[in-house]
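Biologist: I am new to this structure and would like to learn how to read it. Could we go through it one feature at a time?

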Amino acid sequence: MNRREFLRAAGRYGAAAGAVSIFGWPVKIFGQSTAAGTYDLAAVMGGEPAGMFDRGIAALGGMGAFVRTGQTVVIKPNASWNVSPERGATTTPALVQRIVEHCRDAGASKIYILDHTIDNWKLAYATTGIETAARNGGAQVVPANSKGYYQETAVPGARSLRKVLVHELILEADVFINVPILKHHGSTGITSAMKNLMGVIWDRSFYHANDLHRCIAEFGLLRKPTLNVVDAHTVMMSGGPRGSSYRSSLSVKKMQIISADIVAADAAAAKTWGAEPEAIRYIAQAAELRLGIMDLDSLRIARIRV
Amino acid sequence: MGKNSKKAYTILRRARITVAAAVFILLYLSLSLTGPLYSSILEFLTSLQLLPSLINVIFAGASWLSAGFVPVMLLTLLVGRLYCSTLCPLGILQDLIIFFSRKVKRRRMHPLPPNWSVHLTAGLLPVVLAAAGIPSLLGLLEPFAFWGRTFRDFIVPAGALASSGAVEVFKLFEVYLAPIPFRGEPGAVALTAALIALLIFFTVKYGRWYCNRLCPAGCALRIMSLRPVWSIQFNLEKCTSCGICARVCRSGCIDVPAHKLSSDRCVMCLDCLEACPFGALDVAPNYGPGRNPAREKVRETTTGAPDPQRRKAVLVTAGALIAAGGAGILRAVTGGSRKSAGDTVIPPGSRSVEWFTSRCISCHTCVSACPTHVLQPSFFALGAAGFLQPVMDYRVGYCEWECNACSQVCPTGAISPISIAKKQATQLGRVEFVEDRCVVFTQGTACGACGEVCPTQAVRMVPYLGDLTQPLTDNAICSGCGNCEYACPVEGEKAIFVRGIPVHQPREVRKQLQSEPELEVPEEFPF
């Protein structure tokens, strides 16, 4: 059995077993419960992205609750567009850098950053400032633009997304940190944590042609991030997801949402943007699939003002 | 001349090889890599290409600073076709083929007898057609264009294959690299491969056969180097007629019994100078007091019989020049042949179908430079006369908003330099939306792939049913970049596509609705 077959089988059987982790590292199974055991979600307000992350992650028990010494980490920011970070279309680079630093301090052996960008990847990595930020933090920036890096993996229990080509680092890494930016989206309403994971798969067109909302939700059946950090500092309110100088407006909300529960993170993000979570179809569908909790009232939320 | 001059010739020959190697490697690097250094190297080297720089300056109005053809012509009038052995990438490629074929087997090339009429026809007909606004034959034969296609259709795919193997190896060491991307038309690759195979065959068998039979640049330079100021000449006093020089000659330009070296066919490889064991070959002036006296004897012996080849040559040249003049007048009167190309979109900076198709020699340098691979060689999309000219293929890629690479590398000005700001304000085509094919309408599920990627909001999503949104197009602000067409997930005919327009025009650039982000930090947590 070669590595590729192993991964495929691991993906199939591991994920089929439901909550059992693909590779059996404990952090993934207990990721949600080990988060200091006190809070399910941290919401931070009033600061700059890097500083807000320091406070938020501390409330969840620090990065050490998610990253153990010697583990490999893969971080998925939104670096999809060849536009500068002030445009609010991509994740704040300083936040990415700070997350990398926290991972390093927690003893991560390798930290990878990747995004299957929509615009040309070299230009997008550079213009968004993500490449420099990641390198400064001590991460390795990985290309995600060639099909060779993607493994075809079955999605257990899926109706639309039965199989998907996933970047192998997403399957291999011990810890998977999702760092989206909250934005308006022309067809899905908003884009946040779940929608951001369209940048770890190869064929976006398949999602679009086969019930976009359903595919976005069903990816969670395969692999859920260990941690989601939603950058809601400067939020695009219209003209998203790319934004243009014409017809898009930005709102500085100075917020950040951190949670191991991707559905809860997106529900809180929807509220922050100004939408009801159940009105965003993929959030409602993910909750139905029991991928996380959409009802924010039932969660223990740390509300932190900086 | 004695040992010293022999030593000098060895140095000269090595200098020729060094310059050729440097040109070849720099051209390879500057075509492969991006950055200001590489683009200025590429610009410099392409400006030295005879016919491309001629078209660029004379027909596309480029600055005389890029008129590399002037120094090249002067150099040729002075010392002959040094261009062919040091600056022409296809010439250097043939020298590499000769080098390796001689390594494999000590073979004797079979130079074909000179044939002026074939070469003048092959050399001038493309020029005449190009003057009439049909540069496709010129593009097929012009050496830089031939090389450019060789690079793009042969070297890049080979590199892509090798690099994807290398990437797999590096991955084992947890180093993640990006393989060289190649996306393209297999037909173009097959055609180039066939032409390279022919070139290799003729080069191995006949040496620089292409350069003295088919090459339009070679033809022009032949005419200019009939009697350069200096050329390689026999010294009758030293020559033993051993024939070593003719054996090493790659151009078949040495007639040993007649002690004659035809400077017009000589590509100045200088091999014979180094090979002659008796120092019987020298670089000597053709004019003035320093003229080689021994050469006069040759002249006397050969002047008696007029060369029928030359007469034919004069006739063909005269005929071609008249035809070229006629073609030029015809073009001026009719205003070029093609004014429209159906729905085909041509790259930013190419102004109009007429401008582009009459200047592009299909060197595919732009195709190699395009980061999104949207520029693809066409076969008949621009008509038979536009054979191999590149077009925007929105099924393969889209025109990157912040990019003008193609216009920066085009050696002929078919794609004129255009700033990114101006490009963003230009319309290359117009968007068209077909509701009956759209996922939102056929399946009733959300999509919005087109609206998501549109950089101008010429396609944006507006409410349809419930929370579903549908695309709404606005052609006043459409740039024709093709992002929407590329992203559309519909199989077969896409639901949204760009129709090319025959003449590029300014698009309406609307004022921003909102320039500054609003500070709206909520008072309370919204949940």
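The dialogue below moves from chain B as a whole to its helices, its contact with chain A, and some unusual backbone angles.

Biologist: What should I know before I begin, and how many helices and strands does chain B have?

Modeller: Keep in mind that this is a predicted model. Chain B has 23 helices and 11 strands, and its C-alpha trace spans about 100 × 65 × 40 Å along the principal axes. Of the 527 residues in chain B, 45% are buried, and among the contacts in this chain with a separation of 6 or more, 73% are between residues 24 or more positions apart.

Biologist: How do I read a helix such as H9(B), and why does its span agree with its number of residues?

Modeller: The general idea is that an α-helix has 3.6 residues a turn, so residues three or four places apart point the same way. H9(B) has 30 residues, which at 1.5 Å a residue should span 44 Å, and because its end C-alpha atoms are 42 Å apart, the two values agree. H9(B) does have a kink of about 35°, centred on B:Phe151, and B:Phe151 is also one of the buried residues of this helix, which include B:Trp147 and B:Val156. After H9(B) comes B:Glu174, with a positive phi near 60°.

Biologist: Is B:Val204 buried or partly exposed, and which residues is it in contact with beyond its sequence neighbours?

Modeller: B:Val204 is found in helix H10 of chain B, residues 186-206. It has 19 other C-beta atoms within 10 Å and is therefore partly exposed, since a buried residue needs 20 or more. Leaving aside neighbours within four places in sequence, B:Val204 is in contact with B:Ile97 and B:Ser101. B:Val204 also lies 9.3 Å from B:Arg108, C-alpha to C-alpha, although 96 residues separate the two in sequence.

Biologist: How many residues of each chain are in contact across the two chains, and which element of chain B gives the largest share?

Modeller: On chain B there are 43 residues in contact with 46 residues of chain A. Helix H9, helix H22, strand S8 and strand S11 of chain B each give two or more residues to that side, and the largest share, 4 residues, comes from H22(B). By class, the side of chain B that touches chain A has 24 nonpolar, 10 polar and 9 charged residues. Strands take part in pairing here as well, for 2 bridges join S11 of chain A to S11(B), and the two run parallel, with A:Ser251 opposite B:Glu518.

Biologist: Which strands pair with S3(A)?

Modeller: In a regular strand the side chains alternate between the two faces of the sheet. S3(A) is joined to S2(A) by 4 bridges and to S4(A) by 2 bridges, running parallel to S2(A) and also to S4(A). A:Ile113 is the bridge partner of A:Ile75 and stands opposite A:Val141 in S4(A). S2(A), helix H4 of chain A and S3(A) make a right-handed β-α-β unit.

Biologist: Where is there a cis peptide bond, and which residue between S5 and S6 of chain B has a positive phi?

Modeller: Most residues other than glycine have a negative phi, and most peptide bonds are trans. The bond from A:Gly240 to A:Pro241 is cis, with omega near 10°, and A:Pro241 is found in the loop between S10 and S11 of chain A. B:Leu388, which is not a glycine, has a positive phi of about 75° and is found in the loop between S5 and S6 of chain B. B:Leu388 counts as buried because it has 22 C-beta neighbours inside 10 Å.

How values were computed. Residues numbered from 1 in each chain as written. Chains lettered and ligands numbered in written order. Predicted model: local features only at pLDDT ≥ 70, side-chain atom pairs only at ≥ 80, totals over all residues. Contact = placed C-beta atoms within 7 Å. Nonpolar A, V, L, I, M, F, W, Y, C, P; charged D, E, K, R; others polar. Pairing = 2+ DSSP bridges. Buried ≥ 20, exposed ≤ 12 C-beta atoms within 10 Å, placed from the backbone. Expected span 1.5 Å × (residues − 1). Bend = angle between axes of the 7 residues up to and from the residue. Right-handed = clockwise from strand over helix to strand, strands pointing away.
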